[in-house]
Amino acid sequence: MGLFKEAPYNKATQNIIDITGCNYKVFNGKCTEEEVNQVYKEELERGKKEGFVPVLVPCDDILDEWFSLSDDDKEEVKKETTMEKRQAIIDAAGDNGEELLQEWYNTAIEDFVDDEEEFMGEMEEGEAINSLSAFTSFSGDGIDETILFEVPVDEPWKVIGWFPIGGWNECPAPEDMITVCRYWYKKYSAFPAVITHDVIEFYVEKPVDNEDEAWKLAKEHYAFSSDRVNQCTATYTLGEVADCLMGSSVWYFWWD
């Protein structure tokens, strides 16, 4: 069996393909995490030559609910994802990503952290992340049906214009998210690689290798997604995230 499957796909997968409207491949559910990562890296290099950025979109049960649309609803969603709409989101990206994250961090520390010293912790117990994994099935048996889109943008941070998630609970609004993506791409060559209904994984071409920079970036990660510390660490400390970031080529964010 090859790595990719032919149509028919599940309903959510087909709806996302129809709405997104760019070249794609669909991984079969028996692929391993290692195989998907290898293909992603190969497509990333090909995209640099051919003018696209690969983005992995797993189709899970919640996306099935979101994209199981009637034909009338689907047409309405298509109107909201025209090139003009996408370009408007991209054009809304500001140059103040660093300042925006600092503002969010200051607010979070003031409103949600009782003991800042305890919250900071020590730079220890973090494990570098070097594999994309948000498409892996919770059952541990292969992957969710996952689309690999070839998004036709000239800079990787712009892919959020095509998948404008956010604006619910503590997940940043799309215009704020793309501002942050622009900043992180310019500074770290980091950009969204996997996008689900509640997770984004960034691929990082210049992993942090400086402790001071890792601490600063850990604060930014907490500002962007507080659950990165509150629910995705063993010690519930910023220090663990800073330690993890040292040498990581993948950044993981989850919004509960």
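**Salt bridges, crossing helices and odd backbone spots**

Biologist: Is Glu-213 buried or exposed?
Modeller: Neither; Glu-213 is partly exposed, with a relative accessible area of 24%. Buried means under 20% relative accessible area, exposed over 50%, and partly exposed in between (1.4 Å probe, protein chains only).

Biologist: What kind of model is this?
Modeller: This is a predicted model, where local features need pLDDT of at least 70, side-chain atom pairs count only at pLDDT 80 or more, and totals for chains, interfaces and linings use all residues. Residues are numbered from 1 along each chain as its sequence is written, and side-chain values use heavy atoms, with hydrogens and water left out.

Biologist: Back to Glu-213. Which side chain meets Glu-213 in a salt bridge?
Modeller: Lys-187 does, at 3.3 Å, N to O. Lys-187 sits in helix α8 (residues 174-188) and Glu-213 in helix α9, so this pair links distant parts of the chain, 26 residues apart. A salt bridge is a side-chain nitrogen of Lys or Arg within 4 Å of a carboxyl oxygen of Asp or Glu. Helices (H or I, at least four residues) and strands (E, at least two) are DSSP runs, numbered from the N terminus.

Biologist: And how exposed is Lys-187?
Modeller: Lys-187 is partly exposed, at 34% relative accessible area.

Biologist: Which residues are joined into one network by salt bridges that share partners?
Modeller: Lys-25, Glu-43, Arg-46, Glu-50 and Glu-150.

Biologist: How many salt bridges does a search of the whole structure find?
Modeller: The search finds 15.

Biologist: What about Glu-150 and Arg-46, how do their side chains meet?
Modeller: Glu-150 and Arg-46 form a salt bridge at 2.7 Å, N to O. Glu-150 lies in strand β3 and Arg-46 in helix α2 (residues 33-50), so the pair ties together parts that are 104 residues apart in sequence. Glu-150 counts as buried at 12% relative accessibility. Arg-46, at 25%, counts as partly exposed.

Biologist: Which partner does Lys-158 have?
Modeller: Glu-155, with the closest N and O atoms 3.9 Å apart. Lys-158 is buried at 15%, while Glu-155 is partly exposed at 21%.

Biologist: New topic. At what angle do the axes of α6 and α9 cross?
Modeller: At roughly 75 degrees, and the axes of α6 (residues 97-112) and α9 (residues 211-224) come within 8 Å. That makes α6 roughly perpendicular to α9. Angles of 65 to 115 degrees count as roughly perpendicular, under 35 as roughly parallel, over 145 as roughly antiparallel and the rest as oblique. Axes are lines fitted to C-alpha atoms, for helices over the stretch in contact, and angles run from 0 to 180 degrees between N-to-C directions.

Biologist: Which classes of residue make the contact of α6 with α9?
Modeller: By class, this contact has 8 nonpolar, no polar and 4 charged residues. Ala, Val, Leu, Ile, Met, Phe, Trp, Tyr, Cys and Pro count as nonpolar, Asp, Glu, Lys and Arg as charged, and the others, Gly among them, as polar. Contact means heavy atoms within 4.5 Å.

Biologist: Now the backbone. What is the phi of Glu-125?
Modeller: Positive, about 70 degrees, although Glu-125 is not a glycine. Most residues other than glycine have a negative phi, and most peptide bonds are trans. Glu-125 is in the loop between α7 (116-120) and β3 (146-151). Glu-125 counts as exposed at 52% relative accessibility.

Biologist: And what kind of peptide bond joins Ala-7 and Pro-8?
Modeller: A cis one, with omega about 10 degrees. Pro-8 is in the segment before α1 (11-20).
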